[in-house]
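Please look over the sequence and the model below before reading on. The report that follows goes through the cysteines, the aromatic rings and the charged side chains in turn.

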Amino acid sequence: MTAIDPERKKQAVALPDGGFFGTLTVFHELHCLKRLHRYMYPSYYFPDLSDQETEDNRYHNEHCIDMLRQSVMCHGDTTPVTMRWGETQPIPLGNWSSPHECVNWASINGWARERSVREVMEPGYLKHPKFGVVVGESFENKIGQVHHGD
């Protein structure tokens, strides 16, 4: 695992019980995929979202697209995709049966679960130095907001 840069550590959110609040990038990427998938079907996943909430969340979606773009470019899968002739198309099609070399997902997920902080969304657990309690009794976040300028 990558060590935290000392300058970033100064900015990190310290937990009351020790350590820092964070996540592995892969989980953020999965969040982004889930979010973009759900935004393809807004009437099903977000039937009560106002036009303003939809517009406000466009920024978060753009962030997710860029995050995934960076990840794809950073981890570029170099598995060759050969082409094949289709039965009804006059142009070659991708043959997606090439095997990929993958990480051991169970190992990554197990490592993260052993270090997870279950209390992080409990009311009163996190306190912002300026704004106070982060999650109160009535906390609701339908789709994971990202605020402009953060």
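A disulfide is taken here to be a pair of cysteine sulfur atoms within 2.5 Å. In this predicted model, the count by that rule comes to 1 disulfide. The bond is formed by C32 and C64, whose sulfur atoms are 2.5 Å apart. It links distant parts of the chain, since C32 belongs to helix α2 (residues 25–39) and C64 to helix α5 (residues 58–74), with the two positions 32 residues apart in sequence numbering. The torsion about the S-S bond of C32 and C64 is about -70°, and the disulfide is therefore left-handed.

How are C32 and C64 placed, buried or exposed? Both C32 and C64 are buried. C74, by contrast, is exposed, with a relative accessible area of 60%, and C102 also counts as exposed, at 63% relative accessibility. The cut-offs behind these words are under 20% relative accessible area for buried and over 50% for exposed, so C74, with its 60%, falls on the exposed side.

**The chain as a whole**

The setting for these residues is a protein chain with 6 helices and 4 strands. Read from the start of the sequence onwards, the elements of the protein chain follow the pattern α-α-α-α-α-β-β-α-β-β. Of the 150 residues in the protein chain, buried residues make up 17%.

**Aromatic rings and a nonpolar patch**

The structure holds 3 aromatic pairs. One of them brings together F27 and W105, whose ring centres are 5.7 Å apart and whose planes stand at 65°, so the pair is edge-to-face. This pair, too, links distant parts of the chain, with F27 in helix α2 and W105 in helix α6 (residues 105–114), 78 residues apart. F27 is partly exposed, with a relative accessible area of 24%, and W105 is likewise partly exposed, with a relative accessible area of 36%. Another aromatic pair is formed by Y44 and Y45, which are edge-to-face with 4.9 Å from centre to centre and 85° between the planes. Within this pair Y44 is exposed, with a relative accessible area of 64%, whereas Y45 is partly exposed, with a relative accessible area of 31%.

W105, which is found in helix α6, appears a second time as a member of a nonpolar patch on the surface. The patch is formed by L30, L33, V103 and W105, which together have about 380 Å² of accessible area.

**Salt bridges**

Side chains of opposite charge can pair when their charged atoms come close. The structure holds 4 salt bridges, and the table sets out some of them, with the distance between the N and O atoms.

| Basic residue | Acidic residue | N to O distance |
|---|---|---|
| R58 | E55 | 3.3 Å |
| R69 | D66 | 2.8 Å |
| R115 | E114 | 3.4 Å |

In the salt bridge between R58 and E55, R58 is partly exposed, with a relative accessible area of 44%, and E55 is partly exposed, with a relative accessible area of 44% as well. R69 and D66 both lie in helix α5, where they are 3 residues apart, about one turn of the helix. R69 counts as partly exposed at 41% relative accessibility, and D66 is partly exposed, with a relative accessible area of 30%. As for R115 and E114, R115 counts as partly exposed at 45% relative accessibility, while E114, at 66% relative accessibility, counts as exposed.

**The loop after helix α6**

Where is S116 found? S116 is found in the loop between α6 and β3 (127–128). S116 is partly exposed, with a relative accessible area of 35%, and the side chains of S116 and R118 are joined by a polar contact of 3.3 Å. How far apart are S116 and F21 in sequence and in space? S116 and F21 are 95 residues apart in sequence, and from C-alpha to C-alpha they are 9.4 Å apart in space.

Conventions: Residues are numbered from 1 along each chain as its sequence is written. This is a predicted model: local features need pLDDT of at least 70, side-chain atom pairs count only at pLDDT 80 or more; totals for chains, interfaces and linings use all residues. Side-chain values use heavy atoms; hydrogens and water are left out. Buried means under 20% relative accessible area, exposed over 50%, partly exposed in between (1.4 Å probe, protein chains only). Rings of Phe, Tyr and Trp (its six-membered ring) pair if their centres lie within 6.5 Å; planes under 30 degrees apart count as stacked, over 60 as edge-to-face and the rest as tilted. Patches are made of residues with over 30% relative accessible area and no salt bridge: like charges are joined within 9 Å, nonpolar side chains (Val, Leu, Ile, Met, Phe, Trp, Tyr) within 5 Å. Accessible areas come from the Shrake-Rupley method with a 1.4 Å probe; for residues, only the protein chains shown count as cover. A salt bridge is a side-chain nitrogen of Lys or Arg within 4 Å of a carboxyl oxygen of Asp or Glu. A polar contact is a pair of N or O atoms within 3.5 Å; within protein, one must be able to donate a hydrogen and the other to accept it, and residues adjacent in sequence count only if both atoms are side-chain atoms.
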